[in-house]
Amino acid sequence: MAVCLRRALQSRSLLLLRASRCVVALSPSSYLCPRDPALEEASVLGIRGGFFRVGSDCSLGSWRGFAKGKKSNENNDEKIQVDPNFGPTVKSTTLSQMEAAIVALSRELSKLRTGRASAGMLDHILVETGGAKMPLNHVAVVSVINSKTLSVTPYDPTALKAVESAVISSPLGLNPTPDGQRLIAAIPPLTKENMQALCKVVAKSSEDVKQSIRRARQKAQDSIKKVAAGFPKDDIKRLEKEIEEMTKRFVKTADDMCKAKEKEITNG
């Protein structure tokens, strides 16, 4: 019995020695190699794990390292790609939006009647002719005879009645009279109540355009914040300052236009 036990232990030690030599000789890619019969037998005796575990650990470590590197590359690729022309583009877009707001203000102010004749005061009136509605300045020539009188001459004489009807129906309170192939429109003086009402309209128009200008500024600021990490801080601060100066300039323009219109109304 003792002899059998000693032989078994000797056989076990021999297999362990052979297995350890195989493990030392492993490379990270050894898991691709055929299994050694000696190691198969050794695994039966309870030493499984030395070969396959080492091989698996090596390969797993290798793949983990590769995965980490790949993830790092993906993170680098995901960085925000910044357009080098971002600054000029933002300024150009903001400028266009603010200019559009000023144009809209000018159009609204021109609709307001003052005590003085102005060729543009009829531009917003729509004339129905040929089955379609068109702005009056597209179908007739408006000219100033004097500070209190306008002349309206249609391009097509047959449209005279349609133009007259459109002017009378407008909220300007004008009552033109036919004079051959044209209309003569006298500008009646404004009452005190009319002046006060018109000044309130001007003040509201001023506030509306300022809000439009500030919205354009806010859009620019939001765009800048999204890419701020991709630009030097000094460049971002300079761009923000330029947008702010642009905003102040257009707000002042709106204020000046509205003050001039109020003066025109009260002095008319």
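## Two parallel helices and a one-sided helix

Helix 4 and helix 8 run roughly parallel to each other in this predicted model, because an angle under 35 degrees counts as roughly parallel and their axes cross at roughly 10 degrees. Helix 4 covers residues 86–110 and helix 8 covers residues 233–266, and their axes come within 11 Å. These are the two values to look for, since two packed helices are described by the angle between their axes and the distance between the axes.

Which residues of helix 4 and helix 8 make the contact? From helix 4, the residues include Phe86, Val90, Leu95, Met98, Ile102, Leu105 and Leu109. From helix 8, they include Leu239, Ile243, Met246, Phe250, Ala254 and Met257. Charged residues take part as well, among them Lys91 and Glu99 of helix 4 and Glu242 and Lys261 of helix 8. By class, the contact has 14 nonpolar, 5 polar and 4 charged residues.

### The whole chain

Now step back to the full chain of 268 residues, of which 29% are buried. The chain has 8 helices and 6 strands, and along the sequence they follow the pattern α-α-α-α-β-β-α-β-β-α-β-β-α-α. Among contacts between residues at least 6 apart in sequence, 67% join residues at least 24 apart.

### A helix with a buried face

Helix 6 (residues 160–169) is a nice one to study up close. Its buried residues are Leu160, Val163, Glu164, Ala166 and Val167. Seen down the axis of helix 6, these buried residues fall within an arc of 165 degrees, so they line one face of the helix. A general rule helps here: an α-helix has 3.6 residues a turn, so residues three or four places apart point the same way. On the other side of helix 6, Lys161 and Ser169 are exposed.

What do the buried residues of helix 6 pack against? Their partners are strand 1, helix 5, strand 4, strand 5 and strand 6.

### How confident is the prediction?

The chain averages a pLDDT of 76, and 68% of the residues score at least 70. The table shows where confidence is lowest and highest.

| Element | Residues | Mean pLDDT |
|---|---|---|
| Helix 3 (lowest) | residues 50–77 | 43 |
| Strand 4 (highest) | residues 149–154 | 94 |

Two stretches deserve some caution. Over residues 19–34 the pLDDT is below 50, and this stretch has 15 contacts beyond near neighbours in sequence. Over residues 38–79 the pLDDT stays under 50 too, and the model has 29 contacts for this stretch beyond four places in sequence.

Terms used:
Residues numbered from 1 in each chain as written. Predicted model: local features only at pLDDT ≥ 70, side-chain atom pairs only at ≥ 80, totals over all residues. Heavy atoms only, no water. Axes fitted to C-alpha atoms, helices over the stretch in contact; angles between N-to-C directions. Helix = DSSP H or I, 4+ residues; strand = E, 2+ residues; numbered from the N terminus. Parallel < 35°, antiparallel > 145°, perpendicular 65-115°, else oblique. Contact = heavy atoms within 4.5 Å. pLDDT = per-residue confidence, 0-100. Buried < 20%, exposed > 50% of the residue type's maximum accessible area, 1.4 Å probe, protein only. Arc of directions from axis to C-beta.
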